[in-house]
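Work through the exercises below with the coordinates open. Each one has a task, then a solution in steps.

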Amino acid sequence: MRLGTFMMPLHPPKRQPHETYLEDREAILLADKLGYKEALVGEHVTDLAENITSCCMFLASLAHETKQIVLGTGTVNMPNSHPAAIAAQVAMLDHLLKGRLLFGISPGGLMSDAEVFGNYKKDRNAIFLESINMVLDIWKGEPPYKLQGQFFNVTTENTQIPEIGQGFIIKPYQKPHPPIVVTAVAPHSKGVTEAAKRGWNPISANFLLPEWVASHWPRYVEGVRAVGKKPDGKDWRVAKSIFVADDGKTAKRYGHSSEGPYHFYFKQLIRKLVGAGNRGNLFKLDQSEPDSSITADTMTPRLVIAGTVNSVVEQILAFREKVGPFGTLYYPCHDWLDPRLAKRSMELMAEQVMPKVNAALKDSGTEP
């Protein structure tokens with residue numbers, strides 16, 4: 001099983017962006033040093049807690065300081081920008097990284113972002129599909145492009161000067177384009193099936209109950225088989241909030257209690273998804289259960305793996321047995337309330353937890 005990291009990121013709103021940006025960069029630089037294989041970063045425009053406004057811009061700041069790790073947009077919220085801008089910026093980033101790039105895409109889940117860009121209560125899935133189709137058409141096509149849609153138009157027909165290169169949008173470093181990944185949130189997501197048909201790979205979100213994570217694998221298998229291919233767990237990425245400590249008491253305090261950043265994370269997220277986003281279904285198996293029962297106190301211990309090395313190994317193996325044969329585990333980077341503990345957890349995860357997890361998978365014959 002490969003190890004990666006994913007950050008929304010989410011910090012206390014009162015923290016200054018120039019401070020959290022440095023922290024987020026340090027986390028990815030540490031991940032690169034420790035051998036994490038991938039690092040994905042999210043973006044939002046209208047959120048003081050999730051304050052990276054352009055994941056492409058943030059990742060560009062890491063292009064020449066990272067060595068091995070593959071960086072990813074996690075995700076570009078497609079309806080919020082013009083397809084030509086997305087195609088050009090992602091292609092540029094792919095060149096800066098010389099191919100160390102995953103292209104994560106989504107319709108965007110933050111309603112205040114949708115409102116500020118004029119997409120609130122519109123069919124953002126339809127806008128998303130038109131946008132990504134145009135981006136791919138730009139990359140495989142040639143100017144003047146002549147792409148016309150319901151939401152966007154792309155052409156340089158009237159202004160191109162081919163002999164000097166004007167009117168051309170650069171193509172990615174990777175051919176035909178960077179690998180595309182999509183976030184999977186909804187239980188039994190039909191989007192996972194459709195993405196798989198197009199050769200895109202899913203990332204199951206870290207804030208889902210294991211039962212809902214498990215519902216994604218059959219949908220992925222369905223999509224892959226529909227186009228005559230063989231499903232492979234290596235292509236499925238799953239995020240899971242994890243905290244590893246040298247002693248159990250610290251693990252529970254920092255990972256599960258209201259004193260730690262994980263509790264803050266779920267308190268913030270539940271307010272967004274349940275209170276404002278009407279997504280209480282994500283946090284309960286019995287849909288008749290009232291949304292008022294969904295709190296950070298109840299959900300943090302259910303959704304965060306916390307413990308010493310051996311305890312975390314056992315919990316990861318049990319989680320994987322329950323949800324299915326995913327090949328990459330994303331360790332989300334939460335706010336570094338205590339930098340020493342946060343860094344130590346990342347170190348223990350890479351240097352002790354994952355070797356033991358992979359040894360156990362090899363012994364059981366269930367390697368990805």
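**Exercise 1. The nonpolar core**

How many residues does the largest nonpolar core have, and which residues have the most contacts inside it?

*Solution.* Note first that this is a predicted model. Step one: the largest nonpolar core has 117 residues. Step two: Tyr36, Phe103 and Met349 have the most contacts inside this core. Step three: helix 13 (residues 339-364) supplies the largest share, 10 residues. Step four: take Phe103 and skip residues up to four places away in sequence; its contacts then include Val76, Met78, Ile86, Trp139 and Ile180. As background, nonpolar side chains in soluble globular proteins tend to be buried together.

**Exercise 2. A histidine in a loop**

Locate histidine 11, decide whether it is buried or exposed, and list its polar side-chain partners.

*Solution.* Start with position. Histidine 11 is in the loop that runs between strand 1 (2-7) and helix 1 (17-34). Next, accessibility. The cut-off for buried is under 20% relative accessible area. Histidine 11 has 1%, so it counts as buried. Now the partners. Its side chain makes a polar contact with the side chain of aspartate 24 at 2.9 Å. Another polar contact, at 2.6 Å, goes to the side chain of aspartate 335. Finally, the surroundings. Beyond neighbours within four places in sequence, histidine 11 also touches residues including Thr20, Glu23, Ala49 and Phe264.

**Exercise 3. Salt bridges**

Find how many salt bridges the whole structure holds, then analyse the pairs of aspartate 47, lysine 140 and glutamate 211.

*Solution.* The search gives 18 salt bridges.

- Aspartate 47 pairs with lysine 272; the closest N and O atoms are 2.4 Å apart. Aspartate 47 is in the loop between strand 2 (38-41) and helix 2 (55-60), and lysine 272 is in helix 10 (residues 261-276), so the bridge ties together parts 225 residues apart in sequence. Aspartate 47 and lysine 272 are both buried.
- Lysine 140 meets aspartate 137 at 3.6 Å, N to O. They are three residues apart in helix 5 (residues 124-140), so about one helical turn separates them. Lysine 140 is exposed at 67% relative accessible area, whereas aspartate 137 is partly exposed at 27%.
- Glutamate 211 meets lysine 322 at 3.0 Å, N to O. This pair links distant parts of the chain: helix 7 (residues 210-214) holds glutamate 211 and helix 12 (residues 309-323) holds lysine 322, 111 residues apart. Glutamate 211 is partly exposed at 30%, and lysine 322 is partly exposed at 48%.

One network remains to be noted: salt bridges with shared partners join Arg2, Glu38 and Arg237.

**Exercise 4. Aromatic rings**

Count the aromatic pairs, then classify the pair of tyrosine 36 and tyrosine 331 and the pair of tryptophan 217 and tyrosine 220.

*Solution.* The structure holds 11 aromatic pairs. For tyrosine 36 and tyrosine 331, the centres are 6.3 Å apart and the planes meet at 75°. Edge-to-face needs planes over 60 degrees apart, so this pair is edge-to-face. Tyrosine 36 is in the loop between helix 1 and strand 2, and tyrosine 331 is in strand 13 (residues 328-332), 295 residues apart. Both tyrosine 36 and tyrosine 331 are buried.

Tryptophan 217 and tyrosine 220 give 5.8 Å and 35°, a tilted pair. Both lie in helix 8 (residues 216-226), about one turn apart. Tryptophan 217 is buried at 17%, as is tyrosine 220 at 4%. Last step: Trp217 and Tyr220 belong to one aromatic cluster with Trp236, Phe319 and Phe326. The charged end of arginine 320 sits over the phenylalanine 326 ring, 5.9 Å from its centre.

Definitions and conventions: Residues are numbered from 1 along each chain as its sequence is written. This is a predicted model: local features need pLDDT of at least 70, side-chain atom pairs count only at pLDDT 80 or more; totals for chains, interfaces and linings use all residues. Side-chain values use heavy atoms; hydrogens and water are left out. A nonpolar core is a set of buried Ala, Val, Leu, Ile, Met, Phe, Trp, Tyr and Cys residues joined through side-chain atoms within 4.5 Å. Buried means under 20% relative accessible area, exposed over 50%, partly exposed in between (1.4 Å probe, protein chains only). Helices (H or I, at least four residues) and strands (E, at least two) are DSSP runs, numbered from the N terminus. Contact means heavy atoms within 4.5 Å. A polar contact is a pair of N or O atoms within 3.5 Å; within protein, one must be able to donate a hydrogen and the other to accept it, and residues adjacent in sequence count only if both atoms are side-chain atoms. A salt bridge is a side-chain nitrogen of Lys or Arg within 4 Å of a carboxyl oxygen of Asp or Glu. Rings of Phe, Tyr and Trp (its six-membered ring) pair if their centres lie within 6.5 Å; planes under 30 degrees apart count as stacked, over 60 as edge-to-face and the rest as tilted. A charge sits over a ring if NZ of Lys or CZ of Arg is within 6 Å of the ring centre and within 35 degrees of the ring normal.
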